[in-house]
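Welcome to a short tour. Open your viewer, switch on the cartoon view and have the selection tool ready.

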2 protein chains.
Amino acid sequence: MPLPRQVFIAVIGAGGVGRCFLNQLHHLASHLCQNPAAPTYLSLILLSTSKKLLHSPDYRSLHLNSWEEELAASTTPALSPPDLADYLANAPNKVVLVDNTSNQTLADAYPLFLKKGISIVTPNKKAFSSSYSLWKSIFSAAANGCGAGGYVFHESSVGAGLPVICTLKELVETGDEVRKIEGVFSGTMSFLFNSFMPVGGGGGSFSAEVKKAKELGYTEPDPRDDLNGLDVARKLTILARLAGLEVESPTSFPVQSLIPKELEGCKSGDEFLERLSEFDGKMDELKKEAAAEGKVVRFVGSVDVATKDVKVGLEKFDASHPIAALKGSDNIISFYTKRYGSNPLIIQGAGAGGEVTAMGVTGDLVKVLRLLH
Amino acid sequence: MPLPRQVFIAVIGAGGVGRCFLNQLHHLASHLCQNPAAPTYLSLILLSTSKKLLHSPDYRSLHLNSWEEELAASTTPALSPPDLADYLANAPNKVVLVDNTSNQTLADAYPLFLKKGISIVTPNKKAFSSSYSLWKSIFSAAANGCGAGGYVFHESSVGAGLPVICTLKELVETGDEVRKIEGVFSGTMSFLFNSFMPVGGGGGSFSAEVKKAKELGYTEPDPRDDLNGLDVARKLTILARLAGLEVESPTSFPVQSLIPKELEGCKSGDEFLERLSEFDGKMDELKKEAAAEGKVVRFVGSVDVATKDVKVGLEKFDASHPIAALKGSDNIISFYTKRYGSNPLIIQGAGAGGEVTAMGVTGDLVKVLRLLH
């Protein structure tokens with residue numbers, strides 16, 4: 001394949017996903033440079049967190065096996081997005097910016113990077129689920145939109161490394177009619193409800209399950225960031241837009257928050273967790289109601305393309321439904337389309353975690369490398 | 001996106017899949033030429049069945065809305081693969097050959113086409129599941145192998161339009177360790193066993209279910225072509241090779257045939273169907289045995305990468321296993337990998353049928369168009 005000889009990589013973010021990505025990049029780089037037909041040399045020329053920066057004025061390669069010590073020792077502050085864009089645009093090779101953050105300011109600058117010919121791969125949901133005008137700016141600048149700039153891919157913004165976005169894009173591009181998208185889009189919510197109300201009975205109180213999920217590291221540091229439904233709403237916004245709906249924002253359709261009204265004023269996640277048990281009775285009622293119908297309760301999102309209805313919240317499912325049978329913190333996404341008829345195309349598996357999220361990003365990077373002739 | 005201005009398409013095969021593909025091509029062509037940033041004009045310059053041919057010496061476009069009448073009226077015989085390769089290689093534009101047949105002779109000529117710079121998209125399993133030397137010839141010629149020729153994509157050779165091959169490729173390319181691949185890979189076998197032994201009991205005799213499946217059009221014209229397991233063995237060969245195993249051929253590992261030894265000499269599919277009921281007792285025994293263990297019987301294939309074991313045949317699954325819960329003629333494919341841990345990445349849905357198979361081909365065509373700058 002006529003791959004480019006050398007491509008520069010700039011990575012922002014060195015947390016859970018960033019760390020896994022840098023490992024995967026190391027593996028990929030050592031692999032690609034050995035292709036006898038067309039060796040490609042990937043050079044990490046910049047690595048930055050929100051505070052610290054590693055880079056050089058002459059775009060020298062950073063070391064993929066000692067970045068951690070070097071970053072820790074750095075005293076250079078991070079660049080602002082416009083300065084970063086200038087630095088990357090002046091590089092003597094094609095550049096791929098890997099944004100492993102969930103930073104809105106950086107996301108807002110995507111059109112700027114793309115217009116300067118810089119490609120972007122990222123799991124950052126905020127770029128694709130904030131205002132519809134940002135979405136339009138991104139894809140009117142991108143080469144894989146209707147622009148002449150860099151490429152942009154964001155597979156991991158929904159379902160981590162699961163092939164969700166590429167599958168939906170292909171359904172649309174090949175002329176299938178996507179009718180409905182439905183699923184469990186949050187590893188946290190999946191774990192919570194699979195434990196709270198497993199098929200066949202059992203499960204603890206809702207507040208106890210939330211505490212357990214937090215202890216096991218399945219929630220955000222503040223569990224309210226999962227329970228408010230916004231993370232799922234952002235993913236649904238992305239899928240709905242890819243299916244052709246002009247969704248204005250993740251707050252422009254009904255999203256059920258599992259934070260009781262009375263606890264909205266809690267000053268800390270700890271205070272919230274302390275008081276959540278006061279509302280266990282309400283959740284238990286819901287559980288009994290579903291059980292009486294032979295169903296289970298799950299936190300799902302759905303897009304009905306024909307009616308343009310997008311919604312996120314609790315729903316009841318028959319015990320035999322694939323959504324009910326989900327295990328652990330798995331995601332499941334069902335695409336109902338004209339071609340697939342009554343039985344949907346289903347994708348299922350881990351939808352969160354550093355390694356699988358980074359895999360989606362690395363996979364996107366491989367796609368960009370193929371396109372950057 | 002810098003798409004090429006004009007790309008020539010040559011289509012071989014106008015049966016179930018070919019017909020659906022031509023419709024999808026019509027839709028795609030009218031779509032791509034309207035892209036304001038970089039219009040692409042797809043021209044169908046050749047259409048052929050095994051007997052008849054439509055083409056012109058000066059590569060004029062055929063009509064996508066009247067090909068059927070024109071092909072019926074044609075008196076030109078099909079070209080041999082070498083003549084076809086010469087004709088396409090001399091075209092003034094890049095050419096994508098769409099092979100919608102299951103023809104071995106054409107498959108054997110893929111290296112020739114690729115070396116001449118012609119790209120190939122196809123659901124033809126035979127090209128990728130015959131001898132390992134053909135596999136090597138194809139990918140050492142292809143631009144997306146280690147050659148300098150055309151591109152080759154074959155998503156629909158396993159699971160029709162389901163994103164099976166692209167997912168496996170991405171797992172491998174991004175450095176995941178694929179440990180096991182397991183699933184139901186045949187729509188016919190799926191339908192047969194979901195009917196013969198549904199979860200919860202019921203189902204008719206095996207021979208009656210085979211007859212029903214044939215009447216509903218779920219089997220090949222001669223059901224023995226499904227029951228011998230070769231179709232599944234071919235798919236497993238492809239997946240095992242993509243996972244890194246040098247599988248010599250689809251007959252180089254254990255494949256269980258559901259054709260009783262005593263009926264191997266039957267002269268026709270009808271005679272076979274007539275006599276199959278003599279063996280219903282044996283299948284009923286199997287069913288009872290599984291039921292006694294709380295299990296169901298399914299016809300599956302699996303690849304164990306570490307032990308290099310590839311096998312195809314009947315296995316028992318717990319009623320709660322996703323393979324047991326399959327519906328209709330759906331396929332299910334589970335990838336067990338290091339990153340996904342104990343819960344596999346699962347892809348499920350219709351794995352046969354003209355529209356979804358053609359969709360995989362059209363999706364591959366879109367991929368090639370992106371790469372053909």
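**Stop 1: where two strands meet**

Start by selecting Gln348(A): standing opposite is Ile346(B), in β11(B). Now show the whole strand β11 (residues 345-350) of chain A, which runs antiparallel to β11(B) and is joined to that strand by three bridges. Strands here are DSSP runs of E with at least two residues, helices are runs of H or I with at least four, and both are numbered from the N terminus; two strands pair if DSSP finds at least two bridges between them.

Before moving on, know what you are looking at: this is a predicted model, in which local features need pLDDT of at least 70 and side-chain atom pairs count only at pLDDT 80 or more, while totals for chains, interfaces and linings use all residues. Residues are numbered from 1 along each chain as its sequence is written, chains are lettered from A and ligands numbered from 1 in the order in which they are written, and side-chain values use heavy atoms, leaving out hydrogens and water.

**Stop 2: the axis**

Colour the two chains separately. Chain B lands on chain A after a rotation of 180° with 0.0 Å of shift along the axis, at an RMSD of 0.0 Å (least-squares superposition on C-alpha atoms of residues with pLDDT of at least 70 in both copies). The two copies are thus related as by a two-fold rotation axis. Which residue of chain B comes closest to the rotation axis? Select Ile347(B), whose C-alpha lies at 2.4 Å from that axis.

**Stop 3: the shared surface**

Next, select the residues in contact, meaning heavy atoms within 4.5 Å. You should find 47 from chain B and 47 from chain A. Of the interface residues of chain B, 100% are also interface residues in chain A, so the copies meet through the same surface.

About 3700 Å² is buried between the chains, with carbon and sulfur atoms giving 57% of that area; buried area is the accessible area (1.4 Å probe) that two parts lose on being put together, summed over both. Highlight Arg339(B), Tyr340(B) and Met359(B): they supply 16% of what chain B buries against chain A, more than any other three residues.

**Stop 4: salt bridges**

Six salt bridges cross this interface, each a side-chain nitrogen of Lys or Arg within 4 Å of a carboxyl oxygen of Asp or Glu. Show Glu173(A) and Arg370(B), which meet at 2.5 Å, N to O. Finish with Arg339(B) and Glu355(A), whose closest N and O atoms are 3.6 Å apart. This pair runs from the loop between β10 (330-337) and β11 of chain B to helix α15 (residues 354-371) of chain A.
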